[in-house]
Amino acid sequence: MTQPIIIAKDLERTYPGKVPTRALRGISFEVERGSFVAVMGRSGSGKSTLLHQLSLIDTPTGGEVHLDGVEVTHLSDRKKTEFRLAYLGYVFQDYALIVEFTALENVFLPAMALGRDPVAYRKRASELLTLVGLGARLGHYPTELSGGEQQRVAIARALINEPKIIFADEPTANLDTASAVTVLDLFKKLQKELGQTIMMVTHEPDDKRYVDRVIWLEDGLIGEKEKS
Ligand SMILES: Nc1ncnc2c1ncn2[C@@H]1O[C@H](COP(=O)(O)OP(=O)(O)O)[C@@H](O)[C@H]1O
Ligand SMILES: [Mg+2]
């Protein structure tokens, strides 16, 4: 059996405050390499917090995260940043594109941050934009693209450094139905054709049909639906 690409052990995240919020209360699970997994649960159940811990955007207050065999929670901040850039892609609900940059520039920026060859990565960025169906939009600025197109640029950007895992937090929440379907079909294609591991937060029950598995969260714990 191959090693799971994600292992979470007793993962906890408590936000400090007058009344501390226990957003994750000790959760454990594994994710198989090449799988497409949804994280579902009510608003406030800890879905975004979970993705932030797994993708090294935040540091858990307890437990461990292993990504492709590396225990990442104890890496230095610098190592975390390097690991995130080199091995992880992240897709945000609001796309988070840089408005002063073209689609092409947005996509190859994370490669520049790793000091990679600009010429090779411009070419790669253009191939990825073609892969997501935007080969004719390379020089467009974010404001000249629809929401669905912007999200596909963000997905191409997440792919530029050939990540081991793509994390997406409600990537279709701001999109109309047709654009949402395009984005979900694209994730499915990346999984099937590139063997891409994808972990996506969604609150859309219909999205279940795209994924291999759902991790249900309830108040910072793995939900009962998961266990049954
Ligand atoms: N930065 C933060 N500081 C304090 N509390 C937070 C912070 N982020 C989230 N929370 C709280 O943690 C809980 C889980 O939030 P979140 O992970 O955003 O849930 P979801 O994504 O499932 O809606 C909520 O009670 C939320 O209010
Ligand atoms: Mg959220």
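Two strands pair if DSSP finds at least two bridges between them. Keep that rule at hand for these exercises on a predicted model.

**Exercise 1. Find the bridge partner of Leu217 in strand 10, and say how strand 9 and strand 10 run.**

Step 1. Count the bridges. Strand 9 and strand 10 are joined by 2. The rule asks for at least two.
Step 2. Read the direction. The two strands run antiparallel.
Step 3. Name the partner. Leu217 is bridged to Ile222 of strand 10.
Step 4. Look at the turn. This hairpin has 2 residues between its strands, and Asp219 takes a positive phi near 50 degrees.

**Exercise 2. Work out the strand order of the open sheet and name its edge strands.**

Step 1. Recall the principle. Strands of a sheet pair through backbone hydrogen bonds, either parallel or antiparallel.
Step 2. Write the order. The 6 strands are arranged 6-7-8-3-9-10, with mixed pairing.
Step 3. Take the edges. Strand 6 (88-91) and strand 10 (221-222) each pair on one side only.
Step 4. Check a parallel pair. Strand 3 (residues 36-40) and strand 9 (residues 213-218) run parallel, joined by 4 bridges. Here Ala38 stands opposite Val214.

**Exercise 3. Place helix 5 and helix 6 on the strands, then describe how the two helices pack.**

Step 1. Place helix 5 (residues 147-159). It lies across strand 6 and strand 7 (165-169), at about 170 degrees to strand 6.
Step 2. Place helix 6 (residues 177-194). It packs on the sheet and touches strand 3 and strand 8 (197-201). Its direction makes about 155 degrees with that of strand 8.
Step 3. Compare the helix axes. They lie 9 Å apart, at an angle of about 20 degrees.
Step 4. Classify the angle. Angles under 35 degrees count as roughly parallel, so helix 5 and helix 6 are roughly parallel to each other.
Step 5. Give the handedness. Helix 5 passes helix 6 in a right-handed crossing.
Step 6. List the contact. Helix 5 gives Gly147, Gly148, Gln151, Arg152 and Ile155, while helix 6 gives Ser179, Thr182, Val183 and Leu186.
Step 7. Sort these residues. There are 3 nonpolar, 5 polar and 1 charged.

**Exercise 4. Describe the shell around ligand 1.**

Step 1. Name the residues. Ligand 1 is surrounded by Tyr15, Thr21, Ala23, Gly41, Ser43, Gly44, Ser45, Gly46, Lys47, Ser48 and Thr49.
Step 2. Assign the elements. Strand 2 (21-31) and helix 1 (47-54) each give two or more residues. Helix 1 has the largest share, 3 residues.
Step 3. Sort by character. The shell holds 2 nonpolar, 8 polar and 1 charged.

How values were computed: Residues are numbered from 1 along each chain as its sequence is written. Chains are lettered from A and ligands numbered from 1 in the order in which they are written. This is a predicted model: local features need pLDDT of at least 70, side-chain atom pairs count only at pLDDT 80 or more; totals for chains, interfaces and linings use all residues. Two residues are in contact if their C-beta atoms, placed from the backbone, lie within 7 Å. Axes are lines fitted to C-alpha atoms, for helices over the stretch in contact, and angles run from 0 to 180 degrees between N-to-C directions. A residue is near a molecule or strand if its C-beta atom, placed from the backbone, lies within 6 Å of it. Ala, Val, Leu, Ile, Met, Phe, Trp, Tyr, Cys and Pro count as nonpolar, Asp, Glu, Lys and Arg as charged, and the others, Gly among them, as polar. Angles under 35 degrees count as roughly parallel, over 145 as roughly antiparallel, 65 to 115 as roughly perpendicular and the rest as oblique. A crossing is left-handed if the near helix is turned anticlockwise from the far one by less than a right angle, and right-handed if clockwise.
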